[in-house]
Amino acid sequence: MKRAIVLLAGLCLGGQVSAAPTQQAVLEHYADLAQTMYQDSLTTAKALQKAVGTLIEQPTDKNLAAARAAWKAARVPYMQTEAYRFGNAIVDDWEGKVNAWPLDEGLIDYVDASYGSESDENPFYTANVIANKMVTVGGEHIDASKITKDVIASLQEAGGVEANVATGYHAVEFLLWGQDLHGTGPGAGERPVTDFDTKKCTHGNCDRRAAYLKAATDLLVDDLDWMVKQWAKGGEARKTVIDGGDEGLATILTGMGSLSYGELAGERMKLGLMLHDPEEEHDCFSDNTHFSHYYDALGIRNVYTGTYVRVDGSKLTGPSISDLVAAKSPEADKALRKGLDDTLVKMQAIVDSAEKKGVHYDQLIAEGNKEGNAIVMAAINSLVDQTQLIGKAVAALGISPIEFEGSDSLDNPESIGK
Amino acid sequence: MTIRDTLSILLLGLAFLSPAGALAASPWPAASRAIVDDHILPRYRHLDEAAMDLDRHSRKFCAAPDESGLADIRAAFQRMMDAWMEIQHVRFGPVELYLRYNRFQLWPDKHNTAERQLGKALAEQDAAQLADDKFPYASVALQGLGAYERLLYDSDTDVAGFRAGEEGGGYPCLLLEAIAHNLAQMSGDIYREWTTGAPSYRDIVLEAEHGNSYFESSDEFSARMLNNLYTALQFIVDQKLMLPLGATPAEANPRRAESWRSRRSLRNILLNLESAEALYLTAYSSPLKADQRNAALDRDIRKAFTRALEAARAVEPPLYDALQSEARRRPVEGLLTAASELKRLLGGPLPTALGLPLGFNSLDGD
C-alpha cells in the first residue's frame with residue numbers, strides 16, 4: 001500500500017525529477033572523484049618516498065624536515081578519501097594497511113618508559129622489531145632478520161591485535177617524528193635525525209630503522225597504486241558502485257554517515273576527549289591532527305556535492321547526490337549542505353587553534369582545559385548533527401534505513417562530567 | 001579487520017512492511033511502558049542499591065584496611081558488577097548523558113589507557129584530583145568499575161598497599177572511595193532522572209505515544225531498545241568472546257576478556273544473556289507472535305535464548321583458564337556458536353518482521 005503511494009508521489013513530482021542528473025551519472029562521477037583523490041594521494045606519497053630516500057642517504061636536519069613536510073602534504077588528499085572507506089567494502093578491507101590507528105608503537109621501535117611494558121590487549125606491546133631480528137609471542141615466530149616490505153606486512157595486526165600497526169601513514173609518521181613525550185602540553189615528537197645516521201647512530205640499529213622507514217614508505221606507494229587501479233575504468237571498486245543502482249547511492253551516504261558519526265566524532269574525537277589522552281590523538285606523533293580531522297570533514301562534503309579541489313589547485317565538479325536529494329526534497333538538501341558547512345567552520349576553529357595560536361589538538365583535549373574541550377566538543381556535536389541530516393537525506397531518497405557505523409555514547413552528547 | 005567486517009549496510013526496505021496489519025492498534029505504546037516499568041527501572045534501582053552498598057563498604061574498609069575488609073569489598077564489588085551486567089545493555093537515557101556509560105566502564109580498553117593512567121595516578125598520588133567536584137571530570141579510565149577492579153585484583157594487591165600509616169587508608173584507598181562514591185552518585189542520578197523531573201525520562205517514553213520532541217512515536221523508542229538488544233548480542237559475540245578466544249589455545253588472549261582480573265567474564269555474559277532474554281520477552285515476543293506468520297520466528301528466538309543460556313552454563317569457569325585448554329575451549333566455542341545464532345536472529349529477521357529499523361550501530365569503529 002505504502003509502496004503505491006510513494007510511486008504516485010514520484011509521478012506527481014515528475015517535472016522536478018527530470019531536472020536532476022540521472023542516478024547513473026551521479027554514481028559515475030562519484031567513482032571519478034575517488035579515482036582522482038587516490039591519484040593525488042599516490043602522487044604525494046611518491047614525493048614522500050623520494051624525500052625519505054634523500055633522508056636515508058643524507059641524514060641531515062634539513063632532509064628530515066623535508067620528509068616531514070612531504071608526509072604532511074601527502075595526508076591532505078588521502079584524508080579526503082576517507083569518505084569512501086565505509087560502504088565500499090573494497091576500500092574498508094584495504095584501509096587498515098595504509099591508515100590503521102591507534103598503534104602500539106612499541107611493536108616497531110624503542111619507546112619511552114612512560115609507555116609502559118605490557119598491555120592486556122596486546123602481547124606484542126613492546127616487541128620492538130627494529131631492535132629484534134626474531135619476534136616470538138604465543139607460539140608465533142616472525143623472522144625479521146632483514147626488514148622488507150613482506151616482513152612488515154606480516155607484522156600488521158600481529159596476534160590479531162588491531163593496535164599492531166606495522167605499515168601505513170602512521171608507522172611512517174612514528175618513524176619520522178618519534179613519540180610525542182609532551183603529553184597534553186605543547187610540542188610534537190622529537191626524533192633526532194641521527195636515529196637514521198649509521199655513522200653517528202643514536203638509539204641503536206640505525207640501519208634497520210632506515211630500512212623500516214624505506215619499506216613502510218615503499219609499501220604505502222604500492223598500496224595506493226593498487227587502490228587507484230580499483231577506481232580506474234574497469235576497476236573492481238568502480239564496477240561495484242556503478243552497477244549498484246540504489247545500493248550505489250546507499251554506499252555514498254553510508255560512507256558519509258559512518259565517517260561522520262562512529263569514526264570521526266566517536267573513535268577519533270570523543271574517546272580522546274573523555275580520556276584526556278594525547279595517545280588518542282589521530283596524528284599523535286606529528287601533531288597534525290587538526291588537518292587530519294579537517295580534511296576528513298571536507299572529504300564528506302566533497303562526496304556530497306561532487307566537488308574536489310586537487311593538489312594542483314584545479315577543481316573537479318559534476319553530478320552529485322546532492323542534486324538527487326534536492327530534486328526530492330530541497331529542504332533536506334539545504335539542511336544537509338548547511339550542516340556540512342557548519343562542521344567545516346567548527347573544524348576550522350581547531351585548525352586555527354593549532355596553526356595560529358600554537359595550541360594543538362592534544363592540548364585542546366587536556367584535562368582542565370575547558371575552553372579547548374569546548375572547541376572539540378562543538379565539532380563533535382556538529383558531526384552528530386550532520387549525521388542526523390544525512391539520515392534525512394537518505395529518507396528523502398527513499399532508500400532507508402541504512403545502518404551507520406556508530407560509537408559508544410554518541411547519541412546524545414552532553415557536556416562532560418556531572 | 002574483524003570489527004570493520006561487521007559493518008553492515010542494512011537495506012531492509014522496512015518502510016514497506018506492515019507487521020500487524022494496517023488497522024490493528026500499535027503494540028508499541030504498551031511495549032514501551034513495559035520496557036520502562038518492568039525492565040529498566042527495577043534494574044536501575046538494583047544498581048543504585050549495589051552502588052550505595054559499595055560506597056559504604058569502601059569507606060568502612062578504608063577506615064582500617066585489613067584482610068577481612070578486603071574480602072568484604074571484593075564481595076561488594078562482585079555484587080555491583082552483577083547489577084551493572086544486568087543493565088549494561090541499556091545505552092539510552094540518563095546513562096548516556098554526561099558520558100556516564102563510559103564513566104561506569106571503559107571496556108574494551110583498546111589502547112591500554114587504564115594501565116597507563118592508573119599507573120600515573122598511583123605514582124603522583126594527587127589527592128586533590130579525587131575531590132567530589134573534580135573527579136567526575138577526570139579521565140573515564142580512572143572513574144569506573146575497571147579501575148576499581150584493578151585496585152582490588154591486580155597481582156600485587158595486598159592489604160598493606162591500602163594502609164597509609166598508623167590509621168586510615170593511603171592513596172589507593174582514597175581512589176577506591178572516590179570511585180565508589182562517584183558510582184553511587186551516578187547510579188542515584190540515573191534512577192532519579194528516569195523517575196522524577198519535568199518531564200522524567202519515563203514521561204518522555206510514555207508520552208511518545210502521541211509524539212514529542214524526543215520521539216515521533218512509540219515505535220521510535222521501541223526501535224531504539226531493539227537496537228540496544230541487538231547491540232548486547234553484538235557486544236557478547238564480537239568483543240566478550242571473539243576478542244579473547246583466538247584460533248587455538250596458544251593464540252588465546254585471556255587478558256582481552258572483560259573482567260578477567262576478577263575472573264567473572266563468564267558470569268558477565270550469563271547475566272547479559274538473562275537480561276537480553278527478559279527484554280525480548282517483555283517487549284517483542286507478543287507483538288511478534290500476534291501475527292500468525294511470525295509465530296515460528298518467535299519460537300526460534302526463544303529457543304535460541306535457551307540454547308545460548310545453556311551453552312553459557314556449560315562452560316566451566318573461569319573463562320580465563322577455559323580459553324587456554326584444548327578440551328575446555330569446546331564449550332566456549334559452543335557458546336560462541338549459540339550466541340552468534342541469536343545475534344543473527346535479533347539483527348535481521350526480528351527487525352524485519354517487526355517493521356522496526358535497527359538504526360545506528362553503536363559498537364563499530366576503528
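**Exercise 1. Find the loop that holds B:Pro318, then work out the peptide bond leading into it.**

Solution. Start with the place: B:Pro318 sits in the loop between helix 13 and helix 14 (319-322) of chain B. A quick word before going on: this is a predicted model. Next, look at the bond from B:Pro317 to B:Pro318, which is cis, with omega near -5°. Chain B has another cis case to look up: the peptide bond from B:Ala198 to B:Pro199, also with omega near -5°. B:Pro199 lies in the loop between helix 9 (171-195) and helix 10 (201-207) of chain B. Why bother to flag these bonds? Because most peptide bonds are trans.

**Exercise 2. Work out how helix 13 (residues 295-314) of chain B packs against helix 15 (residues 326-347) of chain B.**

Solution. Step one is the geometry: the two helices pack at an angle of about 160°, and their axes are 8 Å apart. Step two is to name that arrangement. Angles over 145 degrees count as roughly antiparallel, so helix 13 of chain B is roughly antiparallel to helix 15 of chain B. Step three is the handedness: helix 13 of chain B passes helix 15 of chain B in a left-handed crossing. Step four is to see who takes part. Helix 13 of chain B brings residues including B:Phe305, B:Ala308 and B:Ala312, while helix 15 of chain B brings B:Gly334, B:Leu335 and B:Leu342, among others. Sorted by class, this contact has 13 nonpolar, one polar and three charged residues.

**Exercise 3. Follow B:Ala312 to its neighbours, then find its place in the largest nonpolar core.**

Solution. Leave out residues up to four places away in sequence, and B:Ala312 touches B:Leu266, B:Ile269, B:Leu270, B:Leu273 and B:Leu335. Now zoom out to the largest nonpolar core, which has 230 residues. B:Ala312 is one of those that touch the most other members, along with A:Ala216, A:Ala393 and B:Ala308. Which helix gives the most to this core? That's helix 3 (residues 23-57) of chain A, with 15 residues.

**Exercise 4. Describe the packing of helix 12 (residues 321-328) of chain A on helix 13 (residues 330-355) of chain A.**

Solution. First the numbers: the angle is about 140°, with the axes 5 Å apart. Then the label: helix 12 of chain A is oblique to helix 13 of chain A because of that angle. Now the residues: A:Ser322, A:Val325 and A:Ala326 from helix 12 of chain A meet A:Pro330, A:Ala332, A:Asp333, A:Leu336 and A:Arg337 from helix 13 of chain A. That contact divides into five nonpolar, one polar and two charged residues.

**Exercise 5. Look at A:Asn128 and B:Arg263: what is the sign of phi in each?**

Solution. Begin with the background: most residues other than glycine have a negative phi. A:Asn128 goes the other way, with a positive phi near 45°. Its loop runs between helix 5 (89-99) and strand 1 (134-137) of chain A. B:Arg263 isn't a glycine either, and its phi is positive too, at about 50°. You'll find B:Arg263 in the loop between helix 11 (218-245) and helix 12 (265-290) of chain B. Are they buried, exposed or in between? A:Asn128 has 17 other C-beta atoms within 10 Å, so it is partly exposed. B:Arg263 has 15 C-beta neighbours inside 10 Å, so it counts as partly exposed as well.

Methods
Residues are numbered from 1 along each chain as its sequence is written. Chains are lettered from A and ligands numbered from 1 in the order in which they are written. This is a predicted model: local features need pLDDT of at least 70, side-chain atom pairs count only at pLDDT 80 or more; totals for chains, interfaces and linings use all residues. Axes are lines fitted to C-alpha atoms, for helices over the stretch in contact, and angles run from 0 to 180 degrees between N-to-C directions. Helices (H or I, at least four residues) and strands (E, at least two) are DSSP runs, numbered from the N terminus. Angles under 35 degrees count as roughly parallel, over 145 as roughly antiparallel, 65 to 115 as roughly perpendicular and the rest as oblique. Two residues are in contact if their C-beta atoms, placed from the backbone, lie within 7 Å. Ala, Val, Leu, Ile, Met, Phe, Trp, Tyr, Cys and Pro count as nonpolar, Asp, Glu, Lys and Arg as charged, and the others, Gly among them, as polar. A nonpolar core is a set of buried Ala, Val, Leu, Ile, Met, Phe, Trp, Tyr and Cys residues joined through C-beta atoms within 7 Å. A residue is buried if 20 or more other C-beta atoms lie within 10 Å of its own, exposed if 12 or fewer, and partly exposed in between; C-beta atoms are placed from the backbone. A crossing is left-handed if the near helix is turned anticlockwise from the far one by less than a right angle, and right-handed if clockwise.
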